[in-house]
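Colleague: Got a minute to walk me through this one? I'd like to start with a helix and then move on to the aromatic rings.

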Amino acid sequence: MKFSLNIIDWQARAPGLSDATEWQAWSRLQLPVDPAAPLPRLTALPMMTARRLNSGSKLAVDIGLAMLQHHAIDAVVYSSRHGELERNYRILHALATGQSVSPTDFAMSVHNSAVGNLTITARQAIVSSSISAGLDTFQQALCEVLSLLQAGYSRVLLVDFDGALPEFYHPALPHQMPTWPYALALVIESGKELQCETRSGSTGDEPALPQSLVFLQRYLSEARQFVVPGERLLWQWTRA
């Protein structure tokens with residue numbers, strides 16, 4: 001598989017990391033993300049909406065709103081490997097212990113909750129998709145972006161995110177798997193500045209960073225070529 005695209009803007013949020021200078025230093029120095037660091041302050045999300053959202057969705061909607069304020073976006077793709085797992089765990093725990101399920105938890109438990117809240121809060125009826133594809137969620141979301149560009153949408157916003165994974169699941173997860181909330185937003189157009197080609201050779205091992213942050217770390221390094229590992233394939237990126 002081969003494709004190309006242009007990234008015209010980006011923003012990211014994670015514990016202890018918010019502005020571009022912090023992320024560039026993180027990439028240059030190969031720093032770990034400190035899960036105990038405070039989450040970035042929300043800048044665009046109304047307080048009443050923020051109170052209804054979980055950790056990852058707050059970051060994802062806030063960063064999406066910030067991008068909508070600066071760019072004319074034609075379509076939106078939100079991707080999340082685990083979706084509303086925090087909220088779904090609370091529902092399952094309530095059922096298992098004979099408690100009442102929160103109506104808010106029930107209403108906000110679907111995978112497209114974050115992108116729905118984005119379009120509602122922004123008051124923009126934008127074409128949107130919500131993607132989940134395991135370890136390759138970010139790269140498959142890029143394939144969704146490409147399909148929208150091919151369909152005639154000129155500028156697509158991609159937001160990849162996840163929330164804090166409930167401690168209940170931690171014993172069953174690979175020890176290096178990230179369990180902290182984050183969000184990455186990319187504004188993408190058709191173009192040839194970045195070219196990607198799949199090739200064999202991936203071990204399928206769980207990385208210490210979400211796939212989108214592996215991409216960001218290597219994208220910010222300004223190396224002419226870099227690789228993002230996937231579940232079955234390696235995604236080889238080359239700058240024009």
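Modeller: Sure, and keep in mind that this is a predicted model. In helix α1 (residues 20-29), Trp23, Trp26 and Ser27 are buried.

Colleague: What arc do they cover around the axis of α1?

Modeller: In an α-helix there are 3.6 residues a turn, so residues three or four places apart point the same way. Here the buried ones sit on the same side of α1, because their arc around the axis is only 95°.

Colleague: Which residues are exposed on the other side of α1?

Modeller: Exposed means over 50% relative accessible area. On that other side, the exposed residues are Thr21, Arg28 and Leu29.

Colleague: Which residue caps the N-terminal end of α1?

Modeller: Look for a side-chain oxygen by the backbone nitrogen of Thr21: there is one 3.2 Å away. The residue that caps this end is Asp19.

Colleague: On to the rings. Is the pair of Phe3 and Trp237 stacked or edge-to-face?

Modeller: The whole structure has twelve aromatic pairs. For Phe3 and Trp237, the ring centres are 5.6 Å apart. Their planes stand at 85°, so this pair is edge-to-face.

Colleague: And how are the rings of Phe226 and Trp237 arranged?

Modeller: Planes under 30 degrees apart count as stacked. The centres of Phe226 and Trp237 are 6.3 Å apart and the planes are at 10°, so the pair is stacked.

Colleague: Which residues do ring pairs link into a cluster?

Modeller: Phe3 and Trp237 are both buried, and Phe226 is buried too. The cluster linked by ring pairs is Phe3, Phe138, Phe215, Tyr219, Phe226 and Trp237.

Key: Residues are numbered from 1 along each chain as its sequence is written. This is a predicted model: local features need pLDDT of at least 70, side-chain atom pairs count only at pLDDT 80 or more; totals for chains, interfaces and linings use all residues. Side-chain values use heavy atoms; hydrogens and water are left out. Rings of Phe, Tyr and Trp (its six-membered ring) pair if their centres lie within 6.5 Å; planes under 30 degrees apart count as stacked, over 60 as edge-to-face and the rest as tilted. Buried means under 20% relative accessible area, exposed over 50%, partly exposed in between (1.4 Å probe, protein chains only). Helices (H or I, at least four residues) and strands (E, at least two) are DSSP runs, numbered from the N terminus. The arc is that of the directions from the helix axis to the C-beta atoms. A polar contact is a pair of N or O atoms within 3.5 Å; within protein, one must be able to donate a hydrogen and the other to accept it, and residues adjacent in sequence count only if both atoms are side-chain atoms.
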